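Work through these short exercises with the sequence and the model side by side. Try each task before you read its solution.

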Amino acid sequence: MPTELSPAQPQAAPSSIHRWAVQSPHRPALTFVESGQVISFGDLHRAAARLAQWLAQQGLVAGDTVALLLENQPRLIELALAARWAGLYYTTINTHLTAREAAHILSDSGAKLLFASNATRSLADTLMADPSLIGIKGYTVDGTDRADVAALDVAKADISDAAPIALSTRPVGRDLMYSSGTTGLPKGIKKALLPATQRDQPDREVHAWQQTFGFDARSVYLSTAPLYHAAPLRYVLRTLDVGGHCIVMANFEPESTLAAIERFGVTHSQWVPTMFVRLLRLPDAVRKRYNLSSMRMAVHAAAPCPVPVKQAMLDWWGDVIFEFYAGTEGLGATSITPQEWRAHPGSVGRSMLGTVHIADSTGAALPLGEIGQVFFEGGPKFEYHNDPEKTLAAYNSQGWASYGDLGYLDAEGYLYLADRRADLIVSGGINLYPQEIENALLLHPAVADAAVIGIPDDELGEKALAIVSLRTGAAGLLANAETAALLREFLAANLSRQKWPRSIVFESDLPRTEAGKLLRRLLKEQYRTQPEAGYPLEAATLRARKNK
């Protein structure tokens with residue numbers, strides 16, 4: 001059949017999958033840990049080629065968008081590759097979003113097709129019944145027809161017997177990713193499609209990533225995070241581009257992850273700090289049970305990693321832990337090796353994309369060691385989809401762009417992050433950085449997680465409130481005034497008095513995304529109307545002393 005595209009046919013596929021399908025069609029490209037399913041480069045190439053034709057025959061033209069509401073499974077990868085091949089944007093949707101949030105992404109992205117699965121079709125049905133989303137067609141990739149969502153059997157996709165639609169003249173498709181929405185509804189980051197003339201040329205972003213982190217055809221990459229997030233999906237696709245083998249887990253589970261590293265001889269992996277914390281909580285006997293010697297590079301990002309956590313991981317895994325600081329916008333990036341980090345603990349490294357500047361609110365450059373907003377000069381341009389005002393706000397008068405973080409540079413050009421500008425607490429004219437206070441709280445062995453937010457105060461304007469989650473069975477400590485007093489005494493040894501939170505609230509869990517990002521917005525909404533919430537630290541200390 002003309003639609004059964006052979007790897008040997010010159011289809012000008014916009015990735016190196018075609019090359020690997022020709023050179024080594026039977027070599028494994030994807031392995032899904034829980035199901036045991038293995039997909040070769042040849043099979044992956046054929047599936048992507050078939051789907052690319054199917055997408056084109058649905059009337060989709062270059063620059064159109066498809067949405068993927070899928071858990072970690074093969075169809076997500078195949079559809080992303082197919083969209084890239086067909087010159088389309090592909091938008092992945094967090095499967096845990098509310099219908100309102102998911103509908104916003106579908107509407108904002110202008111998606112023409114929505115792909116769901118058995119696991120997500122309930123949400124898909126709700127979305128397809130939304131009268132504001134008229135015109136979007138829904139498909140389920142592993143089930144039967146239901147409501148307004150039709151079944152799509154990829155292996156038997158209804159492709160016309162007519163000559164294949166020529167795709168080689170189309171631009172190269174790419175992702176249209178949405179921010180995590182930690183400060184409101186998600187915003188899309190849209191970049192221009194690459195012209196068709198670049199289909200056979202190495203991707204500059206992939207080349208820079210490959211040079212920095214050492215991925216090649218011998219790499220065995222472990223993906224532990226949901227693929228609807230930008231970095232995990234991009235890492236899988238890039239690993240496939242360079243001929244590596246991707247090991248994909250459905251969900252992160254600490255011991256299962258260690259077992260996968262040993263079983264598959266994992267060489268490269270990607271993490272977020274909350275995963276490190278959970279790994280470090282494993283009993284010593286479990287941690288020593290697995291052989292992790294195959295690992296050459298464990299990359300982490302997405303959220304700040306407390307210094308004690310990273311130090312403990314380096315002590316355990318050795319100098320294989322690399323870090324980068326970047327964002328979905330891709331406007332700039334830094335990276336740091338483990339050796340550099342040991343000499344500059346807490347740093348996120350030096351620039352590998354764009355020149356770093358620290359500036360004040362007027363845009364004036366600040367001296368070394370002084371905290372200000374972090375900007376990148378000379379990085380790739382981007383825009384927030386359908387939000388020109390937010391795009392404009394990301395750039396200063398000098399044309400430098402920022403993710404909105406605060407930080408400072410040392411004399412050797414290493415960047416240290418202080419906090420998000422939106423999370424800065426100004427209390428009585430003093431700048432308080434929540435991350436600094438949270439890191440101090442996390443040093444206490446009884447603290448499992450911590451968040452610090454600013455809440456209104458008549459006298460100070462704002463005051464710092466700490467929300468703490470205690471470890472289960474942590475030395476018999478209870479969520480009461482006495483424990484608050486103990487934490488206050490602990491903070492006194494690690495922070496100056498003016499940085500102490502005014503009170504502490506205890507919660508069983510804190511709201512975080514699966515990438516480990518703290519959803520401060522939800523905590524601010526919850527506590528801004530409760531200025532007296534929690535145990536005042538001074539009062540808690542006094543009560544504790546009286547009870548002795």
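## Exercise 1: a loop asparagine

Asn94 counts as buried because its relative accessibility is 19%, where buried means under 20% relative accessible area, exposed over 50%, and partly exposed in between (1.4 Å probe, protein chains only). Keep in mind that the model is predicted: local features need pLDDT of at least 70, side-chain atom pairs count only at pLDDT 80 or more, and totals for chains, interfaces and linings use all residues. Residues are numbered from 1 along each chain as its sequence is written, and side-chain values use heavy atoms, with hydrogens and water left out.

**Task.** Place Asn94 in its loop and list what it touches.

**Solution.**
1. Find the loop between β4 (89–92) and α4 (99–109); Asn94 is there. Helices (H or I, at least four residues) and strands (E, at least two) are DSSP runs, numbered from the N terminus.
2. List the contacts, meaning heavy atoms within 4.5 Å. Leaving out residues up to four places away in sequence, Asn94 touches Leu69, Tyr228, His229 and Glu514.
3. Look at the side chain. It makes a polar contact with the side chain of Tyr228 at 3.3 Å. The side chain of Asn94 also reaches the backbone nitrogen of His96 at 2.8 Å. A polar contact is a pair of N or O atoms within 3.5 Å; within protein, one must be able to donate a hydrogen and the other to accept it, and residues adjacent in sequence count only if both atoms are side-chain atoms.

## Exercise 2: a four-stranded sheet

**Task.** Give the strand order of the open sheet, then find its edge strands.

**Solution.**
1. The order is β25-β26-β27-β28, with mixed pairing. Two strands pair if DSSP finds at least two bridges between them.
2. The edges are β25 (447–457) and β28 (535–536), each pairing on one side only.
3. Now go inside. β26 (residues 461–470) and β27 (residues 503–506) run parallel, joined by four bridges. Leu465 stands opposite Ser503 in β27.

## Exercise 3: another loop asparagine

**Task.** Is Asn386 buried or exposed?

**Solution.**
1. Locate Asn386 in the loop between β20 (383–384) and α13 (388–393).
2. Read its relative accessibility: 53%, so Asn386 counts as exposed.
3. Check the backbone. Phi of Asn386 is near 60 degrees, a positive value in a residue other than glycine.
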